[in-house]
Every structure is written in structure tokens, then in C-alpha cells.
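Welcome! Here is a short briefing to help you find your way around a structure you have not met before. Take a look at the sequence and the model, then read on.

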Amino acid sequence: MTSSAGPLSATPGDLVVTRATPEDWTVVTGWAADEGWNPGLSDSAGFFAQDPEGFFVGRVGGEPVSAISVVNYGDAYAFLGFYLVRPDVRGRGYGITTWKTALAHAGTRTVGLDGVVAQQDNYRRSGFEPAHRTVRFTGTAPAAAAPARVRPLRPEDLAAITVYDAGCTPADRPRFLEYWLGCPGHRAFVCEAEADGSAHRAVTGYGVVRPGRDASRIGPLFADTADDARALFAALTEAAGTEVAIDVPETNTAAVAMVEEAGFAPSFETARMYTGPVREFARERVFGLTTLELG
């Protein structure tokens, strides 16, 4: 089914849910900005690159009133985000109808989400269980030179980064990464093992910083060690040159220490929640989530 397909769901209240187009999503990201989510300026194209069928909008009289994304990664995992209802029409059942319609897109996959505090009890009732608290830290890092083992990402790094990323996430995401690492405005850096005389050095971490509505956003920041993460963090914050936000899993105490020592302060929180088991991945390498909207 394509984004131009007919209604997927209709209610007596004349809500019609269809798959969304990228043009629809410019409206939805505006809603997200109004909620204080600080979406990245070029995020939507990357989200659609992963699963163009995974975006849904509800309309009444042709006007968008609700939205949600359920993006599939392979056969076992999906991620839910952008669950929004326009403020002036909340309380009419539009949200839950949009939710139920879109969630069918995930099929039997385990679904993850990053839930805002006000909705976490509702998500539990829908079968989502919390895995960890995530805290957004915001600030301007003091100037620090990145070590020589950190360098800007090159096109030939894509294969190695895709493999490294797969070890830090619940699902492979090569289509998404191809966009995310090369998108105009995104700055990506690689951390490599110390030189040992060999021609090829192993990747020990990578990170991306991108422009956001209110502050630049770091995501992901994955690294083997706290020292590697700090080296990348220095490069990313220097590249941003402005206020930066990073979403840190609270369970990674080294990540929390890193941002607190840089003078960053908590500004927002969510909970990572899942409907079931996900594959094992190196949670200790996750110093900053990629996005709250796509995992």
C-alpha cells in the first residue's frame, strides 16, 4: 500500500486515517516543535528513508488533526513515535483511533517507543513496559580539542559504521544510516583505536550532530568506552558551535557523568519502553540516543 492509498480507518466523528506523505510530515514536525521536542531540521527525510509506509495522519474534513509513526526495522522490531493530536481537538478519541490503525503496521514485531511522562501509564495499558529513563541534557560545552583518533566521517566508512551501529541498537538500519550520515547539515565523526602501526584501525565509536529547532542535537553517540565517548563529544560540540541537546539513557552512568561535567542540565525526560523482548545489544556503548522519534 502506498501513501496515496485510501482511508485506512474512519470513525463516526469523521476522522479518516491515511498513510502520510513527506509533505504531511512538515505539519507534524511543526506540532512536535510546539510540544518542545526540538525536532531536527532534516529528520523527516531520514525517517521516510527507513520505512516510507510507516507514517500516518488523521484528518477531519481534510484537515490534519492527529499523527503517529510506526517504522519497521526488519522482521522483528518496529519503533513508534510522533504520537500527536492537535491541542484544540484533544479528548475526542482521535488519538487512540490513529494509534490502533497505525500499530497494525508493525504486525507481530516488538515495538519500542520513547514515552513522555504524561503518557507512560497509557502506554503500559497498551502493553509497553519501561526499559530505562532517558534524560535530555542541554548546554554549551566548554571548548576542548578532540584527540587525533577522532576525525570526520568519510564515505568509505559507511560499511564499518553500519556494522558498529548494529551492535548498539535493537535492529539493523542500513537505509536510515545511509541518509543520516550523509544528510546536508549533519556532521558525523568517527573514533578509531590508537595507532598500532597497522594500515586499518578499528572503529571504537561514532557520533552525529545536526541542526534542531531550538538547539543542535547530538544523536547517536555510541562508543566503546567513556574516554572514546568524551573524545567524540568534544568533536561534536565543537562542530555545533551553539547550544546542544543530547538524549542520555540514565542507566549509562558514565554518559550522565560526561554531560554533567560539561555543565549540561536536564531539560526533558522520557522512558524507553518495549512491548516485548528485543535482541541483545551493547547498551553500555549508548551514550546518546539517535532520536526519540525513531529510536
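In what sense do β9 and β10 pair, and over how many bridges? The two strands pair in the antiparallel sense, and 6 bridges link them. Please keep in mind as you explore that this is a predicted model.

**The chain as a whole**

- You will find 8 helices and 14 strands in the chain.
- The chain has a radius of gyration of 19 Å, close to the 19 Å that the globule rule gives for 295 residues, so it is as compact as a globular protein of that length.
- Taken along the principal axes, the box filled by the C-alpha atoms is roughly 70 × 35 × 35 Å.
- Buried residues make up 53% of the 295 in the chain.
- If you take contacts between residues at least 6 apart in sequence, 73% of them join residues at least 24 apart.
- About 12500 Å² of the chain is exposed, and carbon and sulfur atoms supply 53% of that area.
- The chain carries 26 positive and 36 negative charges, and the mean positions of these two groups are 3 Å apart.

**Around β10**

- Strand β10 covers residues 203-210, and 7 of its 8 residues are buried, so the rest of the structure largely encloses it.
- On the β9 side, V190 has Y206 of β10 as its bridge partner.
- β10 also pairs with β11 in the antiparallel sense, here over 5 bridges.
- One pair to look for between these two strands is G207 with its bridge partner L221 in β11.
- β10 and β11 form a hairpin, with 5 residues between them.
- Helix α5 (residues 158-166) has I161, Y164, D165 and A166 as buried residues.
- Among the elements that cover those buried residues of α5 are β9 (187-192), β10 and β11 (216-223), along with α6 (174-182).

**Around β5**

- Strand β5 spans residues 77-85, and because 8 of its 9 residues are buried, it is largely enclosed by the rest of the structure.
- β4 and β5 run antiparallel to each other and pair over 7 bridges.
- To see one of these pairings, find S66, whose bridge partner in β5 is V85.
- The hairpin of β4 and β5 has 3 residues between the strands, and G74 takes a positive phi near 65 degrees there.
- β5 is also joined to strand β6 (residues 110-116) by 4 bridges, and these two strands run parallel.
- In that pairing, A78 stands opposite V111 of β6.

**Two residues worth finding**

- N72 lies in strand β4, which covers residues 63-73.
- Is N72 buried or exposed? N72 counts as buried because its relative accessibility is 9%, which falls under the 20% cut-off.
- Beyond its neighbours within four places in sequence, N72 is in contact with Q50, D51, Y77, A78, H105, A106 and R109.
- E293 sits in the segment after β14 (286-288), and its relative accessible area of 3% means that E293 is buried.
- Not counting residues up to four places away in sequence, E293 touches W37, D43, F47, S69, F79, L80, G81, F82 and R217.
- One of those contacts reaches across a long stretch of sequence: E293 and D43 are 250 residues apart in sequence, but 9.4 Å apart in space from C-alpha to C-alpha.

Notes
Residues numbered from 1 in each chain as written. Predicted model: local features only at pLDDT ≥ 70, side-chain atom pairs only at ≥ 80, totals over all residues. Heavy atoms only, no water. Buried < 20%, exposed > 50% of the residue type's maximum accessible area, 1.4 Å probe, protein only. Contact = heavy atoms within 4.5 Å. Rg over C-alpha atoms; globule rule 2.2 N^0.38 Å. Areas by Shrake-Rupley, 256 points an atom, 1.4 Å probe, with all protein chains shown as cover. Lys, Arg positive; Asp, Glu negative; His and termini not counted. Charge placed at Lys NZ, Arg CZ, Asp CG, Glu CD. Pairing = 2+ DSSP bridges.
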